[in-house]
Amino acid sequence: MILSPESVSVLQNFATINQSIILREGNIIRTMSPSETVFAKATVSDEFPCDAPLYDLSKFLGLLSLSKDDSDIEFGSSSLLIRQGRSKVKYAYCPENLIDAPPVGKDIKMRDIDVKFELPQDVWSQVTKAMSIMGFSEFAFVGEDGVLSVQALSTRNESSDTYSAELGSTDLTFKCVIDADKMKLIPGNYEVSVSKAGLAYFAGDVAEYWIAISTKSEFNV
């Protein structure tokens, strides 16, 4: 099979969450961070013929990019074979118990949803750029004085600078803080649901993410 650009893009993103992955039989790709604080899922057009545990996902993606020719992948029982023009490479699977992977076929169930809003790509892109420039390590979705915003900030220093972009209006008062290293979203628009029980859910056109929020979060809802 030849992986679609969509599947490659998903795998490149998921490699930032976990270096390892188990490609399960079917067309759903799931991953989980080693700390079990980020879960991600994407439904793609490709159908994987069998389970394929890959210990080093970045290496696998690097092998696919070796040639300008399309990489034709043959999935075997213990390894896969990548054919590129006149070249081929065998890539062995690893034992599944070496990989931190989500339970087979199970998604996280959100508890009561306390906050829900839209996160447009243009706003999110601007905030992530500001975070990088200003050297912050956290994002916060904030409802205060009728305004809903997303911020780049550092909760360790309340007097430090803050970058903020408005998302709309709200009658709720809350501050949902998430560590920046957990926010590995594929570019796109997202519908966000937050539970004060400790979880945020990001639903996009390509992928879905369940991300643990910081204990520094505050909710008056």
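**Exercise 1. A hairpin early in the chain**

Strand β2 (residues 26–32) and strand β3 (residues 38–48) pair over six bridges; find the sense of their pairing, the turn that joins them and the cover over β2.

*Solution.* Please keep in mind that you are working with a predicted model.

Step 1. Start with the direction of the two strands: β2 and β3 run antiparallel to each other. To check this in the structure, pick Ile28 and look across to β3, where its bridge partner is Thr43.

Step 2. Next, follow the chain from one strand to the other. Five residues lie between β2 and β3, and the two strands form a hairpin.

Step 3. Look at the backbone of the turn. Glu36 sits in the loop between β2 and β3, and its phi is near 60°, a positive value in a residue other than glycine. Glu36 has a relative accessibility of 52%, so it counts as exposed, the cut-off being over 50%.

Step 4. Finally, ask how much of β2 is covered. Five of the seven residues of β2 are buried, so the strand is mostly covered.

**Exercise 2. One side of a helix**

Which residues of helix α1 (residues 5–14) are buried, why do they lie on the same side, and what covers them?

*Solution.*

Step 1. List the buried positions: in α1 they are Ser7, Val10, Leu11, Asn13 and Phe14.

Step 2. Now view the helix down its axis. These residues take up an arc of only 160° around the axis, and therefore they are on the same side of α1.

Step 3. Recall the helix geometry behind such a pattern. With 3.6 residues a turn, an α-helix has residues three or four places apart pointing the same way.

Step 4. Then turn to the cover. The elements over the buried residues of α1 include β1 (21–23), β2, β3, α2 (57–64) and β15 (207–212).

**Exercise 3. Ordering an open sheet**

Take the five-strand open sheet that contains β9, β10, β11, β12 and β16; give the order of its strands, and name the edges.

*Solution.*

Step 1. Write down the order by walking across the sheet: β11-β10-β9-β12-β16, with antiparallel pairing.

Step 2. Find the ends. β11 (163–169) and β16 (218–219) are the edge strands, since each of them pairs on one side only.

Step 3. Check one of the inner pairings. Strand β9 (residues 138–144) meets strand β12 (residues 174–179) in the antiparallel sense over six bridges; Ala140 has Val177 as its bridge partner in β12.

Step 4. Continue past β9 into the loop that leads to β10 (147–153), where you will find Asp145. The phi of Asp145 is near 55°, a positive value in a residue other than glycine. With a relative accessible area of 74%, Asp145 is exposed.

**Exercise 4. Two loop residues and a strand residue**

Decide for Ser71, Lys182 and Ser45 whether each is buried or exposed, and then describe the surroundings of each.

*Solution.*

Step 1. Locate Ser71 in the loop between α2 and β5 (72–75). Its relative accessibility is 8%, so Ser71 is buried, the limit being under 20%. Beyond its neighbours within four places in sequence, Ser71 is in contact with Met1, Ile2, Leu3, Leu64, Ile82, Arg83 and Gln84. The C-alpha atom of Ser71 is 9.8 Å from that of Ser87, which is 16 residues away along the chain.

Step 2. Move on to Lys182, in the loop between β12 and β13 (190–195). Lys182 counts as buried at 15% relative accessibility. Leaving aside neighbours within four places, its contacts are Thr37, Val38, Ile211 and Ala212.

Step 3. Compare this with Ser45, which is part of strand β3. At 55% relative accessibility, Ser45 counts as exposed. Apart from neighbours within four places in sequence, Ser45 is in contact with Ser4 and Glu6. Ala15 is 30 residues from Ser45 along the chain, and their C-alpha atoms are 19 Å apart.

**Exercise 5. The whole chain**

How many helices and strands are in the protein chain, and how much of the chain is buried?

*Solution.*

Step 1. Count the elements: the protein chain has three helices and 16 strands.

Step 2. Turn to burial. Of its 221 residues, 47% count as buried.

Methods:
Residues are numbered from 1 along each chain as its sequence is written. This is a predicted model: local features need pLDDT of at least 70, side-chain atom pairs count only at pLDDT 80 or more; totals for chains, interfaces and linings use all residues. Side-chain values use heavy atoms; hydrogens and water are left out. Buried means under 20% relative accessible area, exposed over 50%, partly exposed in between (1.4 Å probe, protein chains only). Helices (H or I, at least four residues) and strands (E, at least two) are DSSP runs, numbered from the N terminus. Two strands pair if DSSP finds at least two bridges between them. The arc is that of the directions from the helix axis to the C-beta atoms. Contact means heavy atoms within 4.5 Å.
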